[in-house]
Amino acid sequence: MEIAQIHVQKELEAWEYNANDEDHRLTHKFSPNRPVPQEHIHELGVLTWMLDVDEWEKNTLLETIKMDRGYKYSEVVTVCPKEMEDFEEKVKGFFEEHMHSQEEIRLILDGNGYWDIRDYDGKWIRFRVTKGDMIVLPPGMFHRFTIDENNYIKALLLYTDVPYRTQHGAESESAARKEYVDKVLNNPAAVHRHRITTQ
């Protein structure tokens, strides 16, 4: 699984999420901003790559990642008013906090969006994704997603099995959630580093 640890670098922009009454498609940054380093995102279990997607079907790194991690199925989804029925309702649904029993894998082919993920202390961290970002969220991680104010994103969705993921709500105590909590959120070294950086 060596390739899973290769992060072709474009530093992800991440920050503490400022909860307010603004549209969730806006940045929701504090003033001044409270940036979160990419290493912290990785510690929480998120994998990231930066790929050339102008001809993504021919990208050898993508094929290597797919083979190494067992991604056998894919589909391209475009989220925008012209391409998606019940657009506003779907966007609201994406932004409901949830988790999956499987990985969530996305390669952004065009457009922009934001993922929000729970930190060790339960606060939200937001990070921005743009064209070429490939993101893997681990099973059991609570998260939510939104497009930005441009109302457009196109992504390649990847799956290890048939194109289906088991989704659970914010109160779920599934086996995937328990494993994520035990291996990541309760990891003594990572929790200790988090406490030092937030003091």
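The legends below go with close-up views of a predicted model.

**View 1. Four strands line up in an open sheet.**
The strands follow the order 1-7-6-9, and their pairing is antiparallel. Strand 1 (14-16) and strand 9 (143-147) stand at the edges with a single partner strand each, so one side of each has no neighbour in the sheet. On average, neighbouring strands here are turned by 25° against each other, direction ignored. To see one pairing in detail, look at strand 1 and strand 7 (residues 124-129), which are joined in the antiparallel sense over 3 bridges. Within this pairing, Ala14 stands opposite Phe127 in strand 7.

**View 2. Helix 4 has a buried side and another side with exposed residues.**
Which residues of helix 4 (residues 175-185) are buried? They are Ala176, Arg177, Tyr180, Val184 and Leu185. These residues cover an arc of only 100° around the axis, which puts them on the same side of helix 4. On the other side you can find Ala175, Lys178 and Lys183, which are exposed. A general rule is handy here: an α-helix has 3.6 residues a turn, so residues three or four places apart point the same way.

**View 3. Glu179 and Lys183 meet in a salt bridge on helix 4.**
The N to O distance between their side chains is 2.9 Å. The two residues are 4 apart in helix 4, which means that about one helical turn separates them. Glu179 is partly exposed at 44% relative accessibility, while Lys183 is exposed at 57%.

**View 4. Glu88 and Arg25 join in a salt bridge.**
Their side chains meet with an N to O distance of 3.3 Å. Glu88 belongs to helix 3 (residues 87-94) and Arg25 to the loop between strand 1 and helix 1 (38-43), so the pair ties together parts that are 63 residues apart in sequence. Is each partner buried or partly exposed? Glu88 is partly exposed, with a relative accessible area of 37%, whereas Arg25 counts as buried at 11%. Asp23 joins Arg25 and Glu88 in a network of salt bridges.

**View 5. Glu97 pairs with Arg118 in a salt bridge.**
Their closest N and O atoms are 3.0 Å apart. Glu97 lies in the loop between helix 3 and strand 4 (99-100) and Arg118 in strand 6 (residues 113-118), so this pair links parts 21 residues apart in sequence. Glu97 is partly exposed at 21% relative accessible area, and Arg118 is partly exposed at 24%.

**View 6. Asp133 is a buried residue in strand 8.**
Strand 8 covers residues 133-137. The relative accessibility of Asp133 is 2%. A polar atom of the Asp133 side chain lies 2.7 Å from the backbone nitrogen of Thr130.

How values were computed. Residues numbered from 1 in each chain as written. Predicted model: local features only at pLDDT ≥ 70, side-chain atom pairs only at ≥ 80, totals over all residues. Heavy atoms only, no water. Pairing = 2+ DSSP bridges. Axes fitted to C-alpha atoms, helices over the stretch in contact; angles between N-to-C directions. Buried < 20%, exposed > 50% of the residue type's maximum accessible area, 1.4 Å probe, protein only. Arc of directions from axis to C-beta. Polar contact = N/O pair within 3.5 Å; in protein donor to acceptor, adjacent residues only side chain to side chain. Salt bridge = Lys/Arg side-chain N within 4 Å of Asp/Glu carboxyl O.
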